[in-house]
Amino acid sequence: MPYAILRFQKRKAGSVAACERHNERKKEAYKSNPDIDMERSKYNYHLVPPPRYTYKKEINRMVQAAGCKVRKDSVMMVETLITASPEFMNSLPPEEQKAYFAMALDFIAERVGKENILSAVVHMDEKTPHMHLCFVPITPEGKLSAKYFLGNQKSLSEWQTAYHERMSARWNELERGQSSMITGRKHIPTWLFKLGGRLDKQYEEIVAALSDINAFNAGKKRDKALSLLSAWLPEAKKFSREIGKQSAYIDSLKKKIGQEIDYAGRLRDEKYAEELKAQKANQKIFELQRTNQQLERLLKKIPPEVLEELQKQNKNRSRER
C-alpha cells in the first residue's frame with residue numbers, strides 16, 4: 001500500500017543557507033545527490049515563490065518585524081518534506097501531482113500560518129516528485145518557537161494522522177505514514193538486542209566447542225563443551241523464536257526504507273544527521289536478523305546425538321528442581 005509522507009526538519013541559522021541552495025537549485029552540480037537530473041530542473045515549480053533575496057534575510061526581517069527574541073541555538077526555520085510512496089507519486093498524472101502538493105500546502109498553511117511560509121517548491125528532477133516547504137515558526141503571540149507548532153512525539157503523531165485524513169479523503173488508497181523511521185525500533189524489546197549481542201560474542205566459542213564434540217571423544221574437554229552448549233542452546237532457541245515473531249516487521253521496515261531511499265535525503269544537511277541516526281537504529285534491527293541466520297546455520301551443525309544428550313541433561317535438571 002502507498003504511504004502519504006510528511007517529514008519535518010528543524011533548521012538553526014547555520015544550516016539555512018545550505019537548505020536554500022538545495023531547494024532552490026542554486027548549485028551548479030550536486031555530487032552528494034546523483035539522483036538529481038539537472039536537465040529536468042526546468043520542470044521544478046513553486047507553489048509559494050521564494051523570498052526576493054535569500055531565506056536568511058527574509059527570516060531576519062520576519063523575526064525582527066514580529067519582535068521575536070532569538071538565542072544562538074534557536075530554530076529559525078522548519079523544513080517540511082511532502083511526498084508519497086514512489087509507485088503512487090509516479091503513477092499520478094502531472095495535474096493530479098500538482099493537486100496533491102496544493103492540498104498538502106493548504107493543510108500546512110492552516111496549521112502554521114500562510115504568512116510564515118518562506119517557500120514551497122516542487123522538485124520534478126529526482127526519482128520521486130516531492131515538495132520542500134519551509135516556514136518560520138513564529139507564533140501568533142510573536143514568539144519564535146518550533147515546539148509550539150511541532151510539539152512532542154505525540155503531537156507529531158497527531159500531525160501524521162491529520163495529514164493522512166486530509167490526503168486520503170481524495171486518494172483513498174493512501175496509508176498513514178510514520179512520523180519517523182526510527183520510531184519503529186520501539187516495536188522490538190530491548191532485551192532482544194542485548195541477547196543478540198551476547199550470542200554474537202559467544203559465536204566463535206560455540207564453533208570451537210562443536211569441533212571438540214563427537215561420538216568418540218570423552219573426558220574433560222567434551223564435558224566442558226557440552227556444558228557450554230547446554231547454557232547456550234536455550235538462549236539461541238529463545239532468540240530465534242522471538243526473531244520469528246518480529247520477522248514480518250523487520251521485512252516491512254526493509255521494504256519501507258528501500259522505497260524511501262531516494263527522497264529520504266531531501267532533508268539532508270550537516271552530514272545528514274537525522275537520517276543517519278535513523279539508519280543506524282534500523283541497522284541494529286537488521287543485525288538481529290543476521291545474528292539469527294548465523295545461529296540457525298550453527299544449530300544445524302550440532303550432531304543429533306549431542307542434541308539428544310543435551311535434552312536429557314535439561315530434563316534431569318528440571319526433575320532435580
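This is a short tour of the structure, one selection at a time.

**Whole chain**

Start with everything shown. The model is predicted. The chain has 321 residues, and buried residues make up 48% of them. Its secondary structure comes to 10 helices and six strands. Now turn to contacts between residues with a separation of 6 or more. Of these, 78% join residues 24 or more positions apart.

**The largest nonpolar core**

Select Ile82, Tyr100, Met131, Leu133, Tyr163 and Trp171. These belong to the largest nonpolar core, which has 39 residues, and they touch the most other members. Which helix gives this core its largest share? Select residues 94-112 to see: helix α4 supplies 10 residues of the core. As background, nonpolar side chains tend to be buried together in soluble globular proteins.

Stay in this core and centre on Trp171. Leave out residues up to four places away in sequence. Trp171 then touches Phe88, Leu92, Glu96, Ala99, Tyr100 and Met103. Another core lies apart from this one. That second core has 28 residues, including Leu195, Tyr203, Leu295 and Leu310.

**Helices α4 and α6**

Keep α4 in view and add residues 153-168, which form helix α6. Two packed helices are described by the angle between their axes and the distance between the axes. Here the axes of α4 and α6 come within 10 Å and cross at roughly 140 degrees. The two helices are therefore oblique to each other. Is the crossing of α4 and α6 left-handed or right-handed? The crossing is right-handed.

Show the side chains where these helices meet. From α4, select Tyr100, Met103, Ala104, Asp106, Phe107, Ile108, Glu110, Arg111 and Val112. From α6, select Trp159, Ala162, Tyr163, Arg166 and Met167. Colour the contact by class: 10 residues are nonpolar, four are charged and none is polar. Tyr100 and Tyr163 appear in this contact, and both were also among the core residues that touch the most other members.

**Strand β4 and Val121**

Move to residues 117-123. This is strand β4, and Val121 lies in it. Is Val121 buried or exposed? Val121 has a relative accessible area of 2%, so it is buried.

Next, pick out the contacts of Val121, setting aside neighbours within four places in sequence. They are Asn23, Glu24, Tyr45, His46, His130, Met131 and His132. Met131 links back to the largest nonpolar core, where it was one of the residues touching the most other members.

Finish by selecting Val48. Along the chain, Val48 and Val121 are 73 residues apart. Their C-alpha atoms are separated by 6.9 Å.

Methods. Residues are numbered from 1 along each chain as its sequence is written. This is a predicted model: local features need pLDDT of at least 70, side-chain atom pairs count only at pLDDT 80 or more; totals for chains, interfaces and linings use all residues. Side-chain values use heavy atoms; hydrogens and water are left out. A nonpolar core is a set of buried Ala, Val, Leu, Ile, Met, Phe, Trp, Tyr and Cys residues joined through side-chain atoms within 4.5 Å. Buried means under 20% relative accessible area, exposed over 50%, partly exposed in between (1.4 Å probe, protein chains only). Helices (H or I, at least four residues) and strands (E, at least two) are DSSP runs, numbered from the N terminus. Contact means heavy atoms within 4.5 Å. Axes are lines fitted to C-alpha atoms, for helices over the stretch in contact, and angles run from 0 to 180 degrees between N-to-C directions. Angles under 35 degrees count as roughly parallel, over 145 as roughly antiparallel, 65 to 115 as roughly perpendicular and the rest as oblique. A crossing is left-handed if the near helix is turned anticlockwise from the far one by less than a right angle, and right-handed if clockwise. Ala, Val, Leu, Ile, Met, Phe, Trp, Tyr, Cys and Pro count as nonpolar, Asp, Glu, Lys and Arg as charged, and the others, Gly among them, as polar.
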